[in-house]
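Some questions follow about the terms used for this model. Each answer sets a value against a definition.

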Amino acid sequence: MVSRFSSALPVLSIAAAALMLAGCDTQSSDTEQDADAATNSESAVAADDGPPPHPAFSGKLDISKRGTAAPEAVFAAPDGSAVSLADFKGKPLLVNLWATWCAPCVAEMPTLDALAEKDDRLNVLVVSQDLEGNAKVLPFFEKAEFTKLKPYIDPENGLNFALATGIMPTTILYDSQGKEVWRMLGGMNWNGPRAAAMMEDTLAGS
């Protein structure tokens with residue numbers, strides 16, 4: 001006779017896998033998640049056949065901080081200079097916090113690149129939270145060959161702490177005045193119709 005607990009194990013395993021794909025816990029270290037994400041990262045960057053599987057795009061919309069000003073935390077631009085989100089005022093801004101060890105982050109990166117390429121009403125900024133900074137991020141970008149995305153880094157996790165999300169990827173839309181419109185906790189297909197509809201009011205008013 002098979003116990004109820006034993007028969008439930010496959011269901012629990014599937015549920016746990018779905019949660020891992022939806023978002024990454026920022027309390028875990030790079031080394032703890034690096035090994036688990038490596039295979040997913042390799043395939044997502046190299047894939048030529050469209051978006052990755054749907055479970056990676058199961059993020060949740062949060063509007064609880066609408067109207068909040070962007071934090072003043074400083075991070076590094078691709079040229080090494082110090083910047084903050086205030087430097088991007090004047091145009092709607094989509095800020096994505098990600099890391100190379102986070103499989104859902106890696107899965108959605110090509111869709112962010114496609115969005116940045118097709119809609120010039122919007123700045124798309126991806127800011128790595130990898131503790132090793134450029135040592136991890138630059139090889140990733142070199143392999144991915146993104147068209148528009150640039151390697152901003154935040155190895156001190158200043159933005160992550162200031163925004164206090166606890167989940168990566170976290171993607172936040174700011175209006176042209178630097179006020180938060182909404183944030184997405186977890187992965188999203190940013191080149192799809194849902195994302196376009198979510199951003200249209202902000203972009204139309206810019």
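**Salt bridges and burial**

Q: Why is the contact between R121 and E200 called a salt bridge?
A: A salt bridge is a side-chain nitrogen of Lys or Arg within 4 Å of a carboxyl oxygen of Asp or Glu. The closest N and O atoms of R121 and E200 are 3.4 Å apart, so the pair meets the definition.

Q: Which parts does this pair tie together?
A: R121 lies in the loop between α3 (103–118) and β6 (123–128), and E200 in helix α6 (residues 193–204), so parts that are 79 residues apart in sequence are tied together. Helices (H or I, at least four residues) and strands (E, at least two) are DSSP runs, numbered from the N terminus.

The model is predicted: local features need pLDDT of at least 70, side-chain atom pairs count only at pLDDT 80 or more, and totals for chains, interfaces and linings use all residues. Residues are numbered from 1 along each chain as its sequence is written, and side-chain values use heavy atoms, with hydrogens and water left out.

Q: What makes D119 count as buried?
A: Buried means under 20% relative accessible area, exposed over 50%, partly exposed in between (1.4 Å probe, protein chains only). D119 has 13% relative accessibility, so D119 is buried.

Q: Why is R121 called partly exposed?
A: The relative accessible area of R121 is 31%, so R121 falls in between the two cut-offs.

Q: How do you know that D119 forms a salt bridge with R121?
A: Their closest N and O atoms are 2.9 Å apart, so the pair is within the limit.
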